Each structure stands twice: as C-alpha cells, then as structure tokens.
Amino acid sequence: MKTGKVSEVILKRSVLKFLGTKQKNTPVISLDAGRIFYDESTDLLFATASMQGNQFGLIESVFHRAVNNIYAKGGKPIAVSVALTLRRHADEQELKVYSKELNRLSTLYSIPVLSGETMVGAGATQNTITIHATGKVNKQSNTMDKKQESIEDSIKDYQIVMSKYIGLAATKLLIESRKEKLKERLTESFLAGGKKIGELLSIQKDMEVSKDFDIVCSHDVSEGGIFAALWEIGESLQCGMEIALDSILLIQETIEVCEALDLNPYLLYSGGCVLFVTKEGESLVEKLNSEGIPASVIGKTTNTPDRIVRKEDEIRYLEPFKGDEIYKGLSE
C-alpha cells in the first residue's frame with residue numbers, strides 16, 4: 001500500500017466493512033467527524049488525524065486537520081488529545097519542539113490538550129503524530145454527515161463553493177521542509193511569504209459565516225486534495241457534478257512549489273479549504289469575501305453519474321482517493 005491514508009477501495013473493503021455492523025453510528029466515506037448523543041440539546045463530535053514524518057511542521061498540519069474536522073460538521077472543538085511516537089534515534093530536543101508548537105496552537109485557538117501518550121518506537125524511522133479532537137454541536141445543526149431525508153430527491157444544480165485556497169497546508173509544510181531544494185528556483189523573499197499561510201489554516205471563520213446560509217453539505221478538504229474531496233461529496237450525496245477547473249482558487253506560492261517539485265496541486269493536501277454545497281452559492285461567496293475570506297463557486301451538482309472537471313474543451317473524470325502528492329514532495 002502507498003504511504004499516507006489508504007485508498008477508498010481498500011478503506012471500504014478492509015475497514016468500513018468490519019466496523020459498526022452492530023451499532024447505530026458508523027463511519028462512512030466523507031465523514032469529517034463522528035457524532036453521538038450527549039444530552040437533549042447537544043451532540044459530541046470526534047475526529048482523528050495522523051501524519052508520519054520528521055518535519056516539525058507536521059504537528060501544525062495534524063492539529064488543524066483534526067480540529068477542522070470538528071468545525072466542518074458545524075461544531076466547536078473543546079479539547080484534543082495527542083499520541084506521539086518518536087523514531088528510535090530521536091532526541092529530547094525534538095520532543096521539546098513538538099511540545100512548544102502544540103502549546104502555541106492550543107493557546108492560540110483556546111483548545112486545551114487534555115491527555116496524550118508519548119513513546120519511542122523500537123523500530124520506527126519516522127515520527128508519527130496523531131491528534132484526537134473532541135467537539136460539541138447543537139442538535140439543530142443542519143451540517144450533514146451523509147445523505148439525509150431532509151435533502152430533496154433531486155439535487156441537480158446545487159452550487160459547489162470553495163473557501164480560501166487549495167494546497168495551503170501542504171505548501172507551508174513543503175516550504176519549511178524542502179527549502180534548500182526550492183531555493184534552487186525560488187528566492188528567499190518569495191519563500192518567506194509562505195510563512196503567512198499558517199494564518200489561513202483554520203476553517204473556524206469560514207464555518208461561522210456559512211451558518212447564515214442553507215448548507216446541504218460542508219466538507220473539509222484535506223488529504224488527497226480537492227479532487228478527492230469533491231469525489232467524497234459526490235459519494236455522500238450520491239450525485240454527479242461539473243467543476244470548472246479555472247474557478248478553483250490557489251495562490252502563487254502553491255503554483256511555484258508544485259512546479260519546482262513536480263506535484264499536482266489538485267491532488268495535494270489542502271487543509272484550510274472548505275467545500276460547501278448550497279443553493280445560495282453566489283450569496284455565500286459574497287459574504288465570505290466581505291469577511292476577508294477568498295471564495296469561489298467552482299461548479300454544480302448534477303443528477304448524472306458523471307463527476308467531471310472541465311477546462312475549456314478538455315474533460316477529466318474524478319476518481320476515488322488513491323494517494324496524496326504531499327508524500328512525494330516530502331520524500332525526495
């Protein structure tokens with residue numbers, strides 16, 4: 001199997017098939033966070049994110065990925081727990097760096113770290129960071145986990161909106177991790193601009209704005225990039241879609257980094273970006289923009305089985321998640 005999250009085919013065949021066969025709530029494709037009853041007005045949300053590598057920036061990516069999964073379900077993160085397995089030859093200084101960064105993120109977003117486990121793997125050559133996020137959500141939240149009875153039988157012509165840009169989290173991590181390689185083509189001042197990307201990785205504000213609109217579905221764009229996230233929305237809603245490639249937003253830093261490292265930005269880890277399905281696409285984009293959040297209507301849902309991306313006369317068909325370009329970029 002490839003490095004990173006397993007493919008959708010393997011996930012269905014060897015994981016989801018065996019989970020939840022005797023329980024009410026079961027994991028499904030595109031489910032950002034699991035949801036269970038807490039009291040008459042509130043449900044609890046649970047999400048997990050994990051990445052492997054020796055880059056210090058990984059902990060920021062994993063933190064946002066776990067927490068954003070809670071936000072994407074209309075919830076509020078209330079705590080995280082962390083499991084850190086260090087490679088066999090790691091030193092204590094590495095652990096201190098991870099801990100300081102985790103404390104910075106916890107303080108910045110007022111999300112306490114309540115528990116964790118730290119260990120050294122006997123045969124591990126890379127560090128593994130896993131973060132579990134817990135959140136709460138109002139029972140009246142209309143952010144869906146999968147297709148529900150409240151959705152019309154026909155979901156043709158719902159608009160698909162993206163907020164911010166694709167590839168943000170990966171671009172920041174690659175700039176930090178592959179700086180010497182990137183300096184062969186890009187200037188120091190250009191690469192320094194990538195440090196500001198960290199301010200865009202939380203989707204808290206995006207989700208707050210969206211609460212004023214009738215959102216059928218929202219989905220955090222993470223591993224596999226925007227193409228994988230769009231496919232997962234199609235699976236969740238059991239619909240087709242038409243996407244305009246030129247409407248997908250990305251920053252110049254992402255373009256340059258992907259060209260330098262020969263990566264496809266549309267298959268690249270995109271923490272910080274959210275997809276929304278709604279009948280109020282233009283209004284949502286206008287509101288997001290007014291709040292300083294770049295956004296674009298990138299396509300629409302259809303009643304056909306096809307999930308296509310258009311660029312002028314060219315057509316690409318979306319496919320299930322098979323891998324993420326981030327691992328190719330980090331490994332070279």
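In this predicted model, Ser270 is in contact with Ile166, Gly167, Leu168, Val221, Ser222, Gly225 and Ile226, when its neighbours within four places in sequence are left aside. The residue itself is found in the loop between helix H9, which covers residues 252-261, and strand E9. Ser270 has a relative accessible area of 0% and is therefore buried, since the term applies to values under 20%.

Two of the elements close to this description in sequence numbering belong to a sheet and to a helix that lies across it. Among the contacts of Ser270 is Val221, and strand E7 spans residues 215-221; Gly225 and Ile226 are also among these contacts, and helix H8 spans residues 225-237. Helix H8 lies across strands E6 (159-163), E7, E8, E9 (273-278), E10, E11 (307-311) and E12, and its direction makes an angle of about 145 degrees with that of E7.

The sheet in question is open and consists of 7 strands, which follow the order E7-E9-E6-E10-E8-E11-E12 and pair in a mixed manner. Strand E7 and strand E12, the latter formed by residues 314-317, stand at the edges and have a single partner strand each, so that one side of each is left without a neighbour in the sheet. From one strand to the next, the twist averages 25 degrees. Within this sheet, strand E8 (residues 240-244) and strand E10 (residues 295-302) run antiparallel and are joined by 4 bridges, and Glu242 stands opposite Lys300 of E10.

A parallel pairing is found between strand E3, which comprises residues 76-86, and strand E4, which comprises residues 113-120, with 7 bridges between them. In this pair, Leu84 has Thr118 of E4 as its bridge partner. Together with helix H3, the strands E3 and E4 make a β-α-β unit that is right-handed.

Helix H3 (residues 92-108) also packs against helix H2 (residues 58-72), at an angle of about 35 degrees and with the two axes 9 Å apart. The crossing of these two helices is right-handed. On the side of H2, the contact is made by Ile59, Glu60, Phe63 and His64, whereas H3 contributes Tyr98, Glu101, Leu102, Arg104, Leu105 and Ser106. When the residues of this contact are sorted by class, 5 are nonpolar, 2 are polar and 3 are charged. Helix H3 thus takes part both in the β-α-β unit with E3 and E4 and in the packing with H2.

Definitions and conventions
Residues are numbered from 1 along each chain as its sequence is written. This is a predicted model: local features need pLDDT of at least 70, side-chain atom pairs count only at pLDDT 80 or more; totals for chains, interfaces and linings use all residues. Side-chain values use heavy atoms; hydrogens and water are left out. Axes are lines fitted to C-alpha atoms, for helices over the stretch in contact, and angles run from 0 to 180 degrees between N-to-C directions. A crossing is left-handed if the near helix is turned anticlockwise from the far one by less than a right angle, and right-handed if clockwise. Contact means heavy atoms within 4.5 Å. Ala, Val, Leu, Ile, Met, Phe, Trp, Tyr, Cys and Pro count as nonpolar, Asp, Glu, Lys and Arg as charged, and the others, Gly among them, as polar. Two strands pair if DSSP finds at least two bridges between them. A crossover is right-handed if, with the strands pointing away from the viewer, the path from the first strand over the helix to the second runs clockwise. Buried means under 20% relative accessible area, exposed over 50%, partly exposed in between (1.4 Å probe, protein chains only).
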